[in-house]
Amino acid sequence: MYIKIAPGVQVYITNEQINFINKYKDKESFRSIDLLPEEVQIAKILGDKSIFVRKKLDIGVQYALNRKIRFNNGSKK
């Protein structure tokens with residue numbers, strides 16, 4: 001599936017990443033210390049792809065869903 005993060009910019013996400021997004025999309029924010037070890041890596045990847053925004057804290061990282069993203073159906077034009 002593709003997610004549009006800006007006009008003309010799309011990133012591909014896997015099913016595992018979609019499940020992670022669906023799990024945490026209703027939370028306003030969450031911390032990396034609250035995640036399971038395998039979820040921390042997924043959060044880092046999605047932060048690199050600009051799906052989640054990050055804020056460095058003294059202990060860990062705080063993540064929040066980027067509210068400007070749009071989900072596409074996966075078709076390319």
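Two strands are taken as paired if DSSP finds at least two bridges between them, and that criterion underlies the first stop of this tour through a predicted model.

**First sheet**

Select residues 2-6, which make up strand E1, together with strand E2 at 9-12; four bridges join these two strands, which run antiparallel. Within this pair, find Tyr2 and look across to E2, where Tyr12 stands opposite. Adding strand E6 to the selection completes an open sheet of three strands in the order E2-E1-E6, with antiparallel pairing. Strand E2 (9-12) and strand E6 (70-71) are the edges of this sheet, and because each has a single partner strand, one side of each is left without a neighbour in the sheet.

**Helix H1**

Move next to residues 15-24, helix H1, and show the side chains: Gln17, Ile18, Phe20, Ile21 and Tyr24 are buried. These residues cover an arc of only 160° around the axis, which puts them on the same side of H1. A general point about geometry helps in reading this view: an α-helix has 3.6 residues a turn, so residues three or four places apart point the same way. Turn to the other side of H1, and Asn15, Glu16 and Asn19 are the exposed residues to highlight there.

**Second sheet**

Now select strands E3, E4 and E5, which form an open sheet of three strands with antiparallel pairing, in the order E3-E5-E4. Strand E3 (30-31) and strand E4 (52-56) stand at its edges, and since each has a single partner strand, one side of each lacks a neighbour in the sheet. Between E4 and strand E5 (residues 61-65), which run antiparallel, there are five bridges to trace; along the way, pick out Val53, whose bridge partner in E5 is Ala64. Then bring in residues 37-48, helix H2, which lies across E4 and E5 and runs at about 105° to E4.

**Aromatic side chains**

With the second sheet still in view, which residues form one aromatic cluster? Select Phe20, Tyr24, Phe30, Phe52 and Tyr63 to see it. Across the whole structure there are eight aromatic pairs. One of them is formed by Phe52 and Tyr63, in an edge-to-face arrangement with 6.5 Å centre to centre and 75° between the planes. This pair links distant parts of the chain, with Phe52 in strand E4 and Tyr63 in strand E5, eleven residues apart. Both Phe52 and Tyr63 are buried.

**Salt bridges**

The last stop concerns charged side chains. Side chains of opposite charge can pair when their charged atoms come close, and a search of the whole structure finds two salt bridges.

For one of these, select Lys23 and Glu39, whose side chains meet at 2.7 Å, N to O. Lys23 lies in helix H1 and Glu39 in helix H2, so this salt bridge ties together parts that are 16 residues apart in sequence. Are its two partners buried or exposed? Lys23 is partly exposed, with a relative accessible area of 48%, whereas Glu39, at 10% relative accessibility, counts as buried, because the cut-off for buried is under 20% relative accessible area.

Finish with Arg54 and Asp48, whose side chains meet in a salt bridge at 3.0 Å, N to O. Here Arg54 is partly exposed, its relative accessible area being 44%, while Asp48 counts as exposed at 56% relative accessibility, since exposed means over 50%.

Notes. Residues are numbered from 1 along each chain as its sequence is written. This is a predicted model: local features need pLDDT of at least 70, side-chain atom pairs count only at pLDDT 80 or more; totals for chains, interfaces and linings use all residues. Side-chain values use heavy atoms; hydrogens and water are left out. Contact means heavy atoms within 4.5 Å. Axes are lines fitted to C-alpha atoms, for helices over the stretch in contact, and angles run from 0 to 180 degrees between N-to-C directions. Buried means under 20% relative accessible area, exposed over 50%, partly exposed in between (1.4 Å probe, protein chains only). The arc is that of the directions from the helix axis to the C-beta atoms. Rings of Phe, Tyr and Trp (its six-membered ring) pair if their centres lie within 6.5 Å; planes under 30 degrees apart count as stacked, over 60 as edge-to-face and the rest as tilted. A salt bridge is a side-chain nitrogen of Lys or Arg within 4 Å of a carboxyl oxygen of Asp or Glu.
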